[in-house]
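Visitor: I would like a close look at a single part of this model, namely its nonpolar surface patch. Please set that part in the context of the chain as a whole.

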Amino acid sequence: MFVPQGGGDPAQGHRCPGEGITVELMKATLDFLVNQIEYEVPAQDLNYKLNRMPTYPESGFVMSNVKRI
């Protein structure tokens, strides 16, 4: 579940005002990655440091041989 700033009623101001558009953008991005392109994920350094925020893999996330389906 995606709850960026609490779990209250959006109409009462207890949630992020951009939550709706963020969820829709995440859906569109996932659809694009799963259904509209092909790619390979080569070996990479997926270690991460918990003392860095936001944390992410040391090598980032590398995709190769990317092409539209």
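Guide: What follows starts from the whole chain and then turns to the patch and the aromatic side chains. The model is a predicted one, and its chain holds one helix and two strands, which follow one another from the N terminus in the order α-β-β. Of the 69 residues, 4% count as buried, and the accessible surface of the chain amounts to about 5700 Å², with 59% of that area belonging to carbon and sulfur atoms. As for contacts between residues at least 6 apart in sequence, 34% of them join residues at least 24 apart.

Against this background, the nonpolar patch covers about 370 Å² of surface and is made by Tyr-39, Val-41, Phe-61 and Val-66. One of these residues, Val-66, can be placed within the secondary structure, since strand β2, spanning residues 64–68, contains Val-66. With a relative accessible area of 48%, Val-66 is classed as partly exposed; this value lies over the 30% that a residue needs to be counted in a patch, so Val-66 meets the accessibility requirement for membership.

Although the patch includes the aromatic residues Tyr-39 and Phe-61, a search of the whole structure finds zero aromatic pairs. A ring does take part in another kind of arrangement, however, in which Arg-52 lies over the face of Tyr-56, at 4.2 Å from the ring centre.

Definitions and conventions. Residues are numbered from 1 along each chain as its sequence is written. This is a predicted model: local features need pLDDT of at least 70, side-chain atom pairs count only at pLDDT 80 or more; totals for chains, interfaces and linings use all residues. Side-chain values use heavy atoms; hydrogens and water are left out. Patches are made of residues with over 30% relative accessible area and no salt bridge: like charges are joined within 9 Å, nonpolar side chains (Val, Leu, Ile, Met, Phe, Trp, Tyr) within 5 Å. Accessible areas come from the Shrake-Rupley method with a 1.4 Å probe; for residues, only the protein chains shown count as cover. A salt bridge is a side-chain nitrogen of Lys or Arg within 4 Å of a carboxyl oxygen of Asp or Glu. Helices (H or I, at least four residues) and strands (E, at least two) are DSSP runs, numbered from the N terminus. Buried means under 20% relative accessible area, exposed over 50%, partly exposed in between (1.4 Å probe, protein chains only). Rings of Phe, Tyr and Trp (its six-membered ring) pair if their centres lie within 6.5 Å; planes under 30 degrees apart count as stacked, over 60 as edge-to-face and the rest as tilted. A charge sits over a ring if NZ of Lys or CZ of Arg is within 6 Å of the ring centre and within 35 degrees of the ring normal. Contact means heavy atoms within 4.5 Å.
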